[in-house]
Structure formats: structure tokens, C-alpha cells
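Trainee: I would like to go through this model by question and answer. Please put it up first.

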Amino acid sequence: EVQFVESGGGLVQMGGSLRLSCVASGFTFDDYDVGWFRQAPGKEREGVSCISRDGITDYLDAVKGRFTVSSDNAKKTLYLQMNSLKPEDSATYYCASCTVEKGKIWFGLDYWGKGTLVTVSS
């Protein structure tokens with residue numbers, strides 16, 4: 001079955017950095033665009049970043065210049081380097097397949113892991 005296992009979250013002060021990882025299995029990883037989503041309590045899930053099979057990246061406007069997405073096809077692993085973190089980045093982060101439409105990032109395959117919690121203090 002399709003599985004995603006996210007890790008790397010934690011508690012960090014404003015301005016700090018974290019690197020998230022996601023290990024995927026159960027599908028052909030390099031046949032899909034993959035990316036990151038996040039959801040804070042009481043808010044809708046939003047697409048954070050998506051990386052295409054040819055390496056083209058897209059980002060949520062709020063994280064541009066601060067976050068960098070990358071992937072390792074051999075390891076079936078997705079990464080998100082997060083720098084200059086702000087309290088508004090606090091959320092549970094998930095990885096999933098993705099697509100970019102109308103300037104926004106949407107999920108593709110409807111499979112989700114447990115996510116990893118990021119908390120940024122002020």
C-alpha cells in the first residue's frame with residue numbers, strides 16, 4: 001500500500017531552521033510530482049511546495065525565499081529545508097503527490113501519513 005512517513009519536526013524559536021524528511025513507499029516515486037502540505041488547528045490545509053519530475057519547484061507565496069524542497073529518487077525521500085521560521089509556519093506538515101493549478105499547489109493521490117509537527121515560538 002501507499003505509505004508516507006514524515007519526520008524532522010519539533011519546537012524551534014523564531015528565525016530558526018528545521019529540515020523535514022518524508023520516506024515514501026508503495027508506488028513508483030519517480031512517476032509523480034511530490035510535495036509538502038501543512039495544516040494548523042482551525043485552518044484549512046494548504047500546499048507549501050511541489051517538485052516536478054524534471055526538478056521544477058513551486059512554493060506557497062508565504063514561504064518563498066525561506067523554504068527549499070528537494071528529492072532523492074533512489075531513496076524515495078522528499079525533503080523540506082525551512083529557514084527563517086516564523087510563528088505562522090507552525091502546523092503539522094505532510095507530504096503527498098501534488099499538482100500546480102491556478103498558481104496554487106494541490107494534492108494528487110489522496111494518501112497521507114501522520115505528519116510531523118512544527119512549532120515556532122515567538
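Trainee: How many bridges join strand β4 to β5?
Mentor: This is a predicted model, in which local features need pLDDT of at least 70 and side-chain atom pairs count only at pLDDT 80 or more, while totals for chains, interfaces and linings use all residues. Residues are numbered from 1 along each chain as its sequence is written, and side-chain values use heavy atoms, with hydrogens and water left out. Strands are DSSP runs of E, at least two residues, numbered from the N terminus, and two of them pair if DSSP finds at least two bridges between them. Strand β4 (residues 34–39) and β5 run antiparallel, and the number of bridges joining them is five.

Trainee: Which residue in β6 is the bridge partner of C50?
Mentor: On the β4 side, C50 in β5 stands opposite G35. Strand β6 (residues 57–59) is joined to β5 by three bridges, and the two run antiparallel. The partner of C50 in β6 is D58.

Trainee: Which residue in the turn between β5 and β6 has a positive phi?
Mentor: The hairpin of β4 and β5 has six residues between the strands, and there G42 takes a positive phi near 80 degrees. The hairpin of β5 and β6 has five residues between its strands. The residue in that turn with a positive phi, of about 90 degrees, is G55.

Trainee: How many of the six residues of strand β5 are buried?
Mentor: Buried means under 20% relative accessible area, exposed over 50%, and partly exposed in between, with a 1.4 Å probe and protein chains only. Strand β5 covers residues 46–51 and is largely enclosed by the rest of the structure. That follows because the number of its residues that are buried is five.

Trainee: With which residue does C50 form a disulfide?
Mentor: A disulfide is a pair of cysteine sulfur atoms within 2.5 Å, and the sulfur atoms of this pair are 2.0 Å apart. The S-S torsion is about 85 degrees, so the disulfide is right-handed. One cysteine lies in β5 and the other in strand β9, so parts 48 residues apart in sequence are tied together. Both cysteines are buried, and the one bonded to C50 is C98.

Trainee: Which pattern do the disulfides of the protein follow?
Mentor: The structure holds two disulfides. C22 and C95 form a disulfide with sulfur atoms 1.7 Å apart; C22 is in strand β3 (residues 18–25) and C95 in strand β9, 73 residues apart. C22 is buried at 2% relative accessibility, and C95 is buried at 1%. With bonded cysteines counted along the chain, the pattern is 1-3, 2-4.

Trainee: Is T99 buried, partly exposed or exposed?
Mentor: T99 is found in strand β9 (residues 91–101). Contact means heavy atoms within 4.5 Å; not counting residues up to four places away in sequence, T99 touches C50, K104, I105 and W106. At 31% relative accessibility, T99 counts as partly exposed.

Trainee: Which residues do ring pairs link into a cluster?
Mentor: Rings of Phe, Tyr and Trp (its six-membered ring) pair if their centres lie within 6.5 Å; planes under 30 degrees apart count as stacked, over 60 as edge-to-face and the rest as tilted. By this rule the count comes to six aromatic pairs. The rings of F4 and F27 have centres 5.6 Å apart and planes at 55 degrees, so this pair is tilted. The residues linked into a cluster are F4, F27, F29 and Y32.

Conventions: Helix = DSSP H or I, 4+ residues; strand = E, 2+ residues; numbered from the N terminus.
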